[in-house]
Amino acid sequence: MRGMDRILELQELDTASDRLEQRRADLEAGEELSAARKVMEDAEARLGEIRLASDAVASESRRLEQEIASMGAKLAAEEKRMYDGSIVNAKELEALQHAIASLKERRSRSEDALLEQMQRGEDLEARASGADEEVVGARARVEALGGDAQHELEQIAVDLEARRSERGRLATGFEEELLELYEDLRRQKHGVGAAAIVDGVCQACHEQLSAVELDRLKRTDGVKRCEYCRRIVVLV
Ligand SMILES: [Zn+2]
């Protein structure tokens with residue numbers, strides 16, 4: 001049967017094309033790239049939240065600073081009033097002393113609050129710089145993957161085209177009937193229509209053929225088939 005001597009060559013070529021097509025489908029589905037995009041978006045979202053928190057801390061700090069300054073000014077004025085002799089009434093003096101003490105206490109609380117905000121601000125800044133690095137890294141990875149995928153897709157197109165024309169040339173040496181059988185088998189059996197028999201073992205289904213069967217195959221002139229998987233086989 002014309003073509004039997006080159007059927008394994010044809011199978012090898014088709015298997016290589018199948019792999020390329022699978023890789024192309026994977027790349028087009030872009031799972032690696034969309035996973036990298038997800039990582040990037042998460043990192044950007046984290047950075048965004050940290051920046052928002054950081055802005056809130058900065059504005060609260062400014063508010064506290066103003067508050068502390070204005071209480072300081074008020075305190076200075078009250079203290080001045082206390083010692084400039086303008087107050088003679090004991091009750092009024094007592095009220096002023098009370099107001100000064102209360103102002104001092106409030107200022108101290110605000111100062112504590114400001115320190116706390118400053119500490120939070122520093123923590124947030126450290127976290128922002130870590131998150132920023134993550135974003136930069138994730139963006140670079142998305143760009144690299146996108147570029148690599150595009151490059152690989154172009155290469156696959158070239159390789160597939162080369163294999164297709166090689167297959168076209170090769171197929172002309174096959175009898176139509178053999179080619180049809182081979183293609184039917186490929187459709188039914190996960191892309192493998194022809195296999196070698198090595199040391200009596202079918203390389204597709206890995207069954208060991210009996211000595212009698214091997215002998216019978218050797219004497220078969222037409223298409224040889226594996227007695228187990230029914231694929232076309234070639235004794236090598
Ligand atoms: Zn088999």
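Start with the whole chain: of its 236 residues, 32% count as buried. Keep in mind that this is a predicted model.

**The whole chain**

Zoom out until everything fits in the window. The C-alpha trace spans about 135 × 35 × 20 Å along its principal axes. The radius of gyration is 41 Å, while a compact globule of 236 residues would have one near 18 Å.

Now colour by secondary structure. You should find five helices and three strands. Read from the N terminus, their order is α-α-α-α-β-β-α-β.

Switch on the surface. The accessible area of the chain comes to about 15300 Å². Carbon and sulfur atoms account for 49% of that area.

Which contacts join distant parts of the sequence? Take the contacts between residues at least 6 apart in sequence: 71% of them join residues at least 24 apart.

**Helix H2**

Select residues 31-83, which form helix H2. Put a distance marker between its end C-alpha atoms; they are 78 Å apart. What span should 53 residues give? At 1.5 Å a residue, the 53 residues of H2 should span 78 Å, so the two values agree.

Step just past the helix to Gly-85. This glycine follows H2 and has a positive phi, near 80°.

Go back into H2 and pick Glu-78. Is Glu-78 buried or exposed? Its relative accessibility is 16%, so Glu-78 counts as buried, the cut-off being under 20%. Show what surrounds this side chain. Beyond its neighbours within four places in sequence, Glu-78 is in contact with Leu-96, Ala-99, Ile-100 and Leu-103.

**The zinc site**

Select the zinc ion next. Which residues hold it? The protein donors are the SG atoms of Cys-202, Cys-205, Cys-226 and Cys-229. They lie 2.3 to 2.4 Å from the zinc ion. Look at the angles around the ion. The four donor atoms subtend 102 to 115°, so the arrangement is tetrahedral. For comparison, the ideal angle for four tetrahedral donors is 109.5 degrees.

Along the chain, the donors of the zinc ion follow the spacing C-x2-C-x20-C-x2-C. Highlight one cysteine from each end of the long gap. Cys-202 sits in strand S2 (residues 201-202), and Cys-226 sits in the loop between helix H5 (211-219) and strand S3 (232-235). The pair therefore ties together parts that are 24 residues apart in sequence.

Check how covered these two cysteines are. Cys-202 is buried, with a relative accessible area of 0%. Cys-226 is also buried, and its relative accessible area is 0%.

**Two loop residues**

Finish with a look at backbone angles. Most residues other than glycine have a negative phi. Two stops in the loops depart from that pattern.

Select Asp-199, in the loop between strand S1 (194-198) and S2. Its phi is near 50°, a positive value in a residue other than glycine. Asp-199 is exposed, at 70% relative accessible area.

Then move to His-206, in the loop between S2 and H5. This residue is not a glycine either, yet its phi is positive, about 65°. Is His-206 buried or exposed? It is exposed, with a relative accessible area of 55%.

Technical notes: Residues are numbered from 1 along each chain as its sequence is written. Side-chain values use heavy atoms; hydrogens and water are left out. Donors are N, O and S atoms within 2.8 Å of the metal (3.2 Å for Na, K and Ca); water is not among the atoms, so sites may look incomplete. Four donors count as tetrahedral if all angles lie between 85 and 135 degrees; four count as square planar and six as octahedral if opposite donors are over 155 degrees apart and all others between 65 and 115; anything else is irregular. Helices (H or I, at least four residues) and strands (E, at least two) are DSSP runs, numbered from the N terminus. Buried means under 20% relative accessible area, exposed over 50%, partly exposed in between (1.4 Å probe, protein chains only). The radius of gyration is taken over C-alpha atoms; the globule rule is 2.2 Å times the number of residues to the power 0.38. Contact means heavy atoms within 4.5 Å. Accessible areas come from the Shrake-Rupley method with a 1.4 Å probe; for residues, only the protein chains shown count as cover. The expected span of a helix is 1.5 Å times one less than its number of residues.
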